[in-house]
Amino acid sequence: MTEAPRSQFLSLHLIETLAAVLPVRNENAQPKTLVYGGVERHMITSQARRRAERVHARNRANAGRGALKGRSMGVRTREWALLAGRELESAYGWEKEKALATTRAVMEASGLKFGDPKKKTVANLTKVLVFAPSDAASRIASHIAGHAAQVEEWRDAYLNAQARAEAAKKARRGAKKKAASEPEAEETEETSAVESAASLSMPPLPRATRDAVLLALAPRDAVDIALYGRFLAEIPDSPNVDGAVQTGHAFTVHEAEQIEDFYAAADDAKLDRKRNALSFLDAADDAGAGMTGYQSLISGTFYRHAVLDRTQLRTNLRAAGMEEQEAETAASEAEKEFVNAFVEAFPEAKKNSTASTGSLPALVLAFEGERPYNYASAYQRPVDEGSVSAGGEGPAGPAAVRRLLRHHTFVSRRREDLRSQRVLTYDPEINTLLEELELPESLTVVERTEDLTP
């Protein structure tokens, strides 16, 4: 029996209930919100979700677990020059300062911009995050070590030219100030020297070295770059990747619910002194908390949605150099890991004080189609959590599940492209609800994350 062809898009929809958490916050340390259906909703941004999922998949692969174990994965960082410098130092015995100066110069001459050299904290960090395969630093270091004489000669010339250009810039600023105070003064020898120095060109990076840097930073076979994409505008000839995963912002299906939680932190040393005080006067000096403050916490039932474009994923893997069969295998593995991360991963903000990463979804709905399907409109009217007898919908979790499945059943009767429709729940109350609802025959209830996608 021939296997039915798979559709281009895999749509995932999830309902989860969170209590007293703060997975993301804005610049004022307040929960992020959006207005939808005329009311304010709490929001967990797609950026927070995507990073949690990407890191979850990467960590599993690097630890030899999951469908992508043993596969190349990426790292998104501003520290590639530092990492390559450390590799030169540890693996090839270079002196620390020389190694870092070389890797920074090489990467800068390749097109990447770095922070202000006068500020030590950012001087050796690229201005943008660069998402590249995890072995990029070791590849850059290996090339530099293998062509040490040529690269060092170029580096010295490059740094000298850079120093002269900086001196010329300072002199030019001084000349401008002088010209402003003496507008009728004729051009001085100093000004001519400034212009001459400013016209000096930087020595070009040897072609082989630039090619090695571009290859190291290229997406290559990093599966998570093929999944989530990357954009690197600073080096025009370093390929960008249009991601295969589309992620929506998660939002509460009901109006926002928020509390301002007052907290008091104890000072252990102060309490020890108080406990061992010899008189009530000594104890009184150590009264009160060590620190107090407020934190915002949110609760609610969230709807979230993501889509995997299977065609784009395979295109990205083939563009990275994989043969067709290898790309097909890697794409199937990536899909399994993407679904696992969508269900399992959670942003880690406040995880220790709220245990937010331990939450499990009330329902996951997965299906294939010839286009993406977003069911946010099922919650445009906020869920009314009032009692059913009073005209409400009851608790938000079951109400959200009923709406989602009703919405999907309605759509699936009108769209012939929907197939492989599956649901998974980790909530016994929702499981009972699934048995009571009149679900379409095409919708299969599964018990494991790996069964959500064929």
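## Close-up views of a predicted model

**View 1. Helices α14 and α15 cross at roughly 35 degrees, and their axes come within 10 Å.** Every view in this set shows a predicted model. Here we begin with α14, which covers residues 396-412, and α15, which covers residues 428-436. The two helices make a right-handed crossing. To find where they touch, look for G397, P398, V401, R402 and L405 on α14, and for E429, I430, L433 and L434 on α15. Sorted by class, this contact holds six nonpolar, one polar and two charged residues. If you are new to helix packing, remember that two packed helices are described by the angle between their axes and the distance between the axes.

**View 2. Helices α4 and α7 pack at an angle of about 165 degrees.** In this view, α4 spans residues 136-146 and α7 spans residues 207-217, with 8 Å between their axes. How are the two helices oriented to each other? Angles over 145 degrees count as roughly antiparallel, so α4 and α7 are roughly antiparallel to each other. The crossing of α4 past α7 is right-handed. On the α4 side, the meeting residues are A136, R139, I140 and H143. Their partners in α7 are A208, T209, A212, V213, L215, A216 and L217. This contact has eight nonpolar, two polar and one charged residues.

**View 3. The largest nonpolar core of the model has 31 residues.** Which of its residues touch the most other members? They are L12, L227, L308, L313, L317, F338 and L452. Several elements give two or more residues to this core: β1 (9-21), α1 (46-62), α8 (223-228), β9 (291-309), α11 (310-319), α12 (324-344) and β10 (363-369). The largest share, eight residues, comes from α12. Another core lies apart from this one and has 29 residues, including A81, A136, V151 and I235. You may recognise A136 from View 2, where this residue of α4 took part in the meeting with α7.

**View 4. L308 and its surroundings bring us back to the largest nonpolar core.** Leaving aside neighbours within four places in sequence, L308 is in contact with Q8, F9, L10, L227, A244, V245, L313, E335 and F338. Three of these names, L227, L313 and F338, also appear with L308 among the core residues that touch the most other members.

**View 5. Q30 sits in the loop between β1 and β2 (33-36).** Is Q30 buried, partly exposed or exposed? Its relative accessibility is 29%, so Q30 counts as partly exposed. Beyond its neighbours within four places in sequence, Q30 is in contact with V24, R25, Q258, E260 and S296. Try finding I298 too: Q30 and I298 are 268 residues apart along the chain, while their C-alpha atoms are separated by 9.8 Å.

**View 6. A20 and A355 each have a positive phi, although A20 is not a glycine and neither is A355.** Most residues other than glycine have a negative phi. The phi of A20 is about 50 degrees, and that of A355 is about 55 degrees. Where do you find them? A20 is in strand β1, whereas A355 lies in the loop between α13 (351-354) and β10. With 33% relative accessibility, A20 counts as partly exposed. A355 has a relative accessible area of 54%, so A355 is exposed.

Notes
Residues numbered from 1 in each chain as written. Predicted model: local features only at pLDDT ≥ 70, side-chain atom pairs only at ≥ 80, totals over all residues. Heavy atoms only, no water. Axes fitted to C-alpha atoms, helices over the stretch in contact; angles between N-to-C directions. Helix = DSSP H or I, 4+ residues; strand = E, 2+ residues; numbered from the N terminus. Parallel < 35°, antiparallel > 145°, perpendicular 65-115°, else oblique. Left-handed = near helix turned anticlockwise from the far one by under 90°. Contact = heavy atoms within 4.5 Å. Nonpolar A, V, L, I, M, F, W, Y, C, P; charged D, E, K, R; others polar. Core = buried A, V, L, I, M, F, W, Y, C linked by side-chain atoms within 4.5 Å. Buried < 20%, exposed > 50% of the residue type's maximum accessible area, 1.4 Å probe, protein only.
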